[in-house]
Amino acid sequence: MNRGLAVLIRVLAAGADVLWASSALDIINVPTALRPEVLALSPQESAAAKNCLHRACIFRQEIRASSGATTLPLLILPEAAPSIRGCCLSCGAVLRAGDSWRCILCAVAVYIALDAVDALLAHLEPA
Ligand SMILES: [Zn+2]
């Protein structure tokens with residue numbers, strides 16, 4: 001898994017908050033012990049984390065818009081091409097070995113949008 005996503009998962013699971021309404025999608029209240037990990041991210045790793053947060057924000061809006069429905073929406077990005085076999089259900093990217101329905105960016109974003117990021121901790125390698 002991209003180190004940016006792994007750090008994002010650890011930071012959120014440790015109690016950091018996402019400013020969902022912010023256009024920059026900032027994360028606040030990063031635990032002090034994890035700040036060095038955040039600061040050590042490369043620009044590419046940081047961009048992956050921000051991209052994932054951006055997707056989570058869109059998915060969260062879809063979930064909120066479906067409030068009262070008996071099922072969750074499929075969580076598809078507005079710009080995604082129609083889903084075809086072998087491509088991410090949410091964004092249309094070609095799936096990689098080990099991906100099932102969604103690419104890793106969208107899969108992590110779904111967990112973040114559902115406030116279920118703790119469930120991903122077991123899938124991370126030790127920091
Ligand atoms: Zn995707």
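Here is a short walk through this structure, from its overall form to the residues at its centre.

Keep in mind as you look that this is a predicted model. Begin with the parts list: the protein chain has four helices and two strands. If you follow the chain from the N terminus, these elements come in the order α-β-β-α-α-α.

Next, consider the overall form. The C-alpha trace spans about 40 × 35 × 25 Å along its principal axes. For 127 residues, a compact globule would have a radius of gyration near 14 Å, and the protein chain has 15 Å, which agrees. How much of the chain is buried? Of the 127 residues, 27% count as buried. You can also ask how far apart in sequence the touching residues are. Among contacts between residues at least 6 apart in sequence, 49% join residues at least 24 apart.

Now turn to helix 1. Nine of its 11 residues are buried, so helix 1 is largely enclosed by the rest of the structure. The buried residues are G4, L5, A6, V7, L8, I9, R10, V11 and L12. What do they pack against? Their partners are strand 2 (27-28), helix 2 (35-39), helix 3 and helix 4. Just after helix 1 you will find G15, which takes a positive phi of about 110°.

Helix 4 (residues 104-113) is also worth a visit. This helix is mostly covered, with nine of its 10 residues buried. They are L105, C106, A107, V108, A109, V110, Y111, I112 and A113. These buried residues pack against helix 1 (3-13) and helix 3 (43-65). Just after helix 4 comes D115, and its backbone takes a positive phi of about 55°.

Finally, let us look at the nonpolar core. The largest one holds 29 residues, and C52, V108 and A109 touch the most other members. Helix 1, helix 3 and helix 4 are the elements that give two or more residues to this core. Which of them gives the most? That is helix 4, with nine residues.

To see the core from the inside, pick out V108 in helix 4. Leaving aside its neighbours within four places in sequence, V108 is in contact with L5, I9, C52 and L120. Two of these names should be familiar from helix 1, where L5 and I9 are among the buried residues. Another, C52, appeared beside V108 among the residues that touch the most other core members.

Conventions
Residues numbered from 1 in each chain as written. Predicted model: local features only at pLDDT ≥ 70, side-chain atom pairs only at ≥ 80, totals over all residues. Buried ≥ 20, exposed ≤ 12 C-beta atoms within 10 Å, placed from the backbone. Contact = placed C-beta atoms within 7 Å. Rg over C-alpha atoms; globule rule 2.2 N^0.38 Å. Core = buried A, V, L, I, M, F, W, Y, C linked by C-beta atoms within 7 Å.
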